[in-house]
Amino acid sequence: MKLVFLILFLFLSSKTTSQENFEPDEINLKNGMRVIFIQNKRAPVIAQMIWYNFGSGVEEKGKSGLAHFMEHLMFKGTRKFKDSYFSDYISRIGGSENAFTSYDYTAYYQVYPKAELKKMLQMEADRMTNLTLTKENIEVEKKVILEERFQRIESDPSAKLDESMRSILFPNHYYGRPIIGWKHEIEKLNYNDVLNFYKKNYTPKNAILVLSGDIDIENAKKYSKKYFGKIKNKKYEEIEELTDPDLSTNVFVTMKHSTVKQPVWKKFYRTFSYKNDLRKSLALDIGLKILAGGSSSLLYQELVSEKKMFSVVGGYYQGLTRGQGSIYLYAIPKTGINLQNVDKIIMDEVKEIISKKLTTKRFEVEKKKYFFDMIYERDGVLNPAQFYGEALTIGLTLDDIKFFNNKVKSITIDDVKKSLEELYLNKNYVVGELIK
């Protein structure tokens, strides 16, 4: 903990202020692609992230998992940079790379020496449009993905419960189907499915390129225009976003599995997101950290440390989404407590915390910690690219991000209490239990 605050002190007291560090430059290419530059010259390194404005949400019904499938295949090479050339080159220059798929976006990133900027932009632009896809590598990768699904979901009863709960919580929206895809639908995906998905979605108008680190801005603009600016847009139709009806019944889901060693209780809510209401989302995020964020949270102190009714209790808010946000609560009760009673125990305690135990002192401590955590999360080379890319892709603006810290400062204890009161009254939830 002391080390964290020392780092924060050094960061805040450095000649380069946080405001200067995260003051972005931006250009818009003629084909509609946005390029963001965040300069930080503390080390001769650049983080490059390309964020595609789609994830599993653009998949056709019956073809779940295509976005994640395509993420795997983007490393298979192009006509110019064959097979694993891209990854091998990054390894040779001492860089690193990875990618990830979400409901709302797909992102690819590399961290590399600044002298490699031109080459890295060239290779990333090339695979946006010239990817080599064969029936053979698609079938091979399908087996890899099915094994990944088995390891991450099929063999994990907790993950299976989560999957079922989300499908009930979001019956109409793509947030209700797994990003990796349903097993029976992955098995049916073929060469034409993948090729059509690539041709339709990997297009400049769908992308935001973020460059962070020791950038020569003029060169970065020149090479961005040279390699990405020439790419023509493909025909792309925006998918109409569906909304979910309010849940009018209490939904309780049970997952039984022989490997479960102790019962687990979970509760998932639908709620607003940062895109819907930035101020309310900040208040809710701070409130959830006070309420259920780890062993110092009020729920943990009361139900685990004091009353010893639970082994674990916690929760968090997931609001960086294009559609509705989610709240997750979870608990492991001690022996003798019926899982059917856990919801009432926890919600009674939430009500008590809101009315009596959420003090001004506790709020100010958590708000200050939250403020410094936000600064720390945007330090370094890769973190700013992650922060800006995700926020812009889900629909926030550069001004939203620029004045994020000011918005945090403006949050009051009344804002936090109101957000937790809305949580208490929220009826759009699913309760689940994991038992043997």
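Here are some worked exercises on the predicted model above.

Before you start, note that residues are numbered from 1 along each chain as its sequence is written. In this predicted model, local features need pLDDT of at least 70 and side-chain atom pairs count only at pLDDT 80 or more, while totals for chains, interfaces and linings use all residues, and side-chain values use heavy atoms, with hydrogens and water left out.

**Exercise 1. The five-stranded sheet**

Task: work out the strand order of the sheet that holds β7, and find which strands stand at its edges.

Solution:
- Start with the terms. Helices (H or I, at least four residues) and strands (E, at least two) are DSSP runs, numbered from the N terminus. Two strands pair if DSSP finds at least two bridges between them.
- Now read off the order: β7-β11-β8-β10-β9, an open sheet with mixed pairing.
- The edges belong to β7 (251–256) and β9 (310–318); each has a single partner strand, so one side of each is left without a neighbour in the sheet.
- From one strand to the next, the twist averages 15°.
- Look inside the sheet: β8 (residues 264–271) and β10 (residues 325–333) run antiparallel and are joined by seven bridges. W265, for instance, has A331 in β10 as its bridge partner.
- Finally, add the helix. α13 (residues 339–357) packs on the sheet and touches β7, β8, β9, β10 and β11 (429–435), and its direction makes about 55° with that of β8. Contact here means heavy atoms within 4.5 Å; axes are lines fitted to C-alpha atoms, for helices over the stretch in contact, and angles run from 0 to 180 degrees between N-to-C directions.

**Exercise 2. The six-stranded sheet**

Task: do the same for the sheet that holds β1, then find a helix that packs on it.

Solution:
- The order is β1-β2-β6-β3-β5-β4, again an open sheet of mixed pairing.
- β1 (25–28) and β4 (96–101) are at the edges; with a single partner strand each, they have one side left without a neighbour in the sheet.
- Ignoring direction, neighbouring strands are turned by 15° against each other on average.
- Between β3 (residues 45–52) and β6 (residues 207–213) there are seven bridges in the antiparallel sense, and Q48 has L211 in β6 as its bridge partner.
- The helix is α3 (residues 66–73), which touches β4 and β5 (106–113) and makes about 165° with the direction of β4.

**Exercise 3. Salt bridges across the chain**

Task: count the salt bridges, then say what the R177 and E59 pair ties together.

Solution:
- First the rule: a side-chain nitrogen of Lys or Arg lies within 4 Å of a carboxyl oxygen of Asp or Glu. That gives a count of 25 salt bridges.
- R177 and E59 meet at 3.6 Å, N to O. R177 is in the loop between α7 (157–169) and α8 (183–186), and E59 is in the loop between β3 and α3, so the pair ties together parts that are 118 residues apart in sequence.
- Check the burial: both R177 and E59 are buried. Buried means under 20% relative accessible area, exposed over 50%, and partly exposed in between (1.4 Å probe, protein chains only).
- Try another pair, E141 and K76, whose closest N and O atoms are 2.9 Å apart. E141 sits in helix α6 (residues 135–154) and K76 in the loop between α3 and α4 (85–92), 65 residues apart. E141 is buried at 8% relative accessible area, whereas K76 is partly exposed at 27%.
- One more: D415 and R279 come to 2.7 Å between their closest N and O atoms. This pair links helix α18 (residues 413–425) with helix α11 (residues 278–292), 136 residues apart. D415 is partly exposed at 22%, and so is R279, at 37%.
- Salt bridges with shared partners also join R149, E154, K160 and E163 into one network.

**Exercise 4. Positive phi**

Task: describe where D83 and K308 lie, and whether they are buried or exposed.

Solution:
- Begin with the background: most residues other than glycine have a negative phi.
- D83 has a positive phi near 50°. D83 lies in the loop between α3 and α4 and is exposed at 58% relative accessibility.
- K308 has a positive phi of about 55°. K308 is in the loop between α12 (298–306) and β9, and it counts as exposed at 53%.
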